[in-house]
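Let's walk through this structure together, starting from the overall dimensions and then moving to the individual helices and their contacts. Keep the model open beside the text as you read.

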Amino acid sequence: MRRTYLRRDRERGVLGTLLWMISETGEFAGAVLKEEQMKMADEAADVYAWLCSTCNLLGINLEKVSFEKYGKGCPRCHHSPCECKDK
Ligand SMILES: [Zn+2]
């Protein structure tokens with residue numbers, strides 16, 4: 001994502017990129033609500049791409065922080081699968 005879009009993401013800025021991610025999240029939710037299976041996957045990919053772009057602009061290594069937080073299971077109960085009582 002960085003190689004493909006970083007220049008354009010920098011031109012758009014953090015807030016503009018974040019707004020795109022939120023917009024795509026709405027499109028993803030719409031596809032889920034309509035049970036449009038093919039569109040769900042496509043929109044999920046878009047949400048992920050825009051989250052990556054936003055993190056790139058903020059200097060966040062999404063893969064690293066995701067692995068650090070969730071790589072050993074649930075960060076709260078430390079089990080995998082999660083055994084937390086709340087959902
Ligand atoms: Zn848990």
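The chain has a radius of gyration of 16 Å, whereas a compact globule of 87 residues would have one near 12 Å. Please keep in mind that this is a predicted model. Taken along the principal axes, the C-alpha atoms fill a box of roughly 45 × 35 × 20 Å. Burial can be put in numbers too: of the 87 residues of the chain, 10% count as buried.

What is the chain built from? Its secondary structure comes to four helices and zero strands, so following the sequence you read the pattern α-α-α-α. As for contacts between residues at least 6 apart in sequence, 49% of them join residues at least 24 apart.

Let's begin at helix α1, which spans residues 2-12. How many of its eleven residues are buried? The count is one, and the helix is hardly covered. Just after α1 comes Gly13, with a positive phi near 90°.

Next, turn to the pairing of α2 with α3. Helix α2 covers residues 14-33, and helix α3 covers residues 37-58. The axes of the two come within 8 Å and cross at roughly 160°. Angles over 145 degrees count as roughly antiparallel, and therefore α2 is roughly antiparallel to α3. The crossing of these two helices is left-handed. On the α2 side, the contact is made by Val14, Thr17, Leu18, Trp20, Met21, Glu24, Thr25, Glu27, Phe28, Ala31 and Val32. On the α3 side, the residues include Met40, Ala44, Val47, Trp50, Leu51, Leu57 and Leu58, along with Lys39, Glu43 and Asp46. By class, this contact has 14 nonpolar, four polar and five charged residues.

One of the α2 residues in that contact, Ala31, deserves a visit of its own. Is Ala31 buried, exposed or partly exposed? Ala31 counts as partly exposed because it has 18 C-beta neighbours inside 10 Å, while 20 or more would be needed for a buried residue. Setting aside neighbours within four places in sequence, Ala31 is in contact with Glu36, Lys39, Met40 and Glu43. Lys39, Met40 and Glu43 also belong to the α3 side of the helix contact described above. You can also use Ala31 as a starting point for a longer look across the model: Lys69 is 38 residues away in sequence, and the C-alpha to C-alpha distance between the two is 29 Å.

Within α3, have a look at Asp42. This residue counts as partly exposed because 13 C-beta neighbours lie inside 10 Å, and a residue is exposed if it has 12 or fewer. Asp42 and Ser80 are 38 residues apart in sequence, with 28 Å between their C-alpha atoms.

Helix α3 also meets α1, and here the geometry is as follows. The axes of α1 and α3 come within 10 Å and cross at roughly 65°, which makes α1 roughly perpendicular to α3. This crossing is right-handed. From α1, the residues Arg2, Tyr5, Leu6, Asp9 and Arg10 meet Ser53, Asn56 and Leu57 in α3. Sorted by class, the residues of this contact are three nonpolar, two polar and three charged. Ser53 and Leu57 are worth finding in your viewer, as both appear in the contact with α1 and also in the contact with α2.

Methods
Residues are numbered from 1 along each chain as its sequence is written. This is a predicted model: local features need pLDDT of at least 70, side-chain atom pairs count only at pLDDT 80 or more; totals for chains, interfaces and linings use all residues. Two residues are in contact if their C-beta atoms, placed from the backbone, lie within 7 Å. The radius of gyration is taken over C-alpha atoms; the globule rule is 2.2 Å times the number of residues to the power 0.38. Axes are lines fitted to C-alpha atoms, for helices over the stretch in contact, and angles run from 0 to 180 degrees between N-to-C directions. Angles under 35 degrees count as roughly parallel, over 145 as roughly antiparallel, 65 to 115 as roughly perpendicular and the rest as oblique. A crossing is left-handed if the near helix is turned anticlockwise from the far one by less than a right angle, and right-handed if clockwise. Ala, Val, Leu, Ile, Met, Phe, Trp, Tyr, Cys and Pro count as nonpolar, Asp, Glu, Lys and Arg as charged, and the others, Gly among them, as polar.
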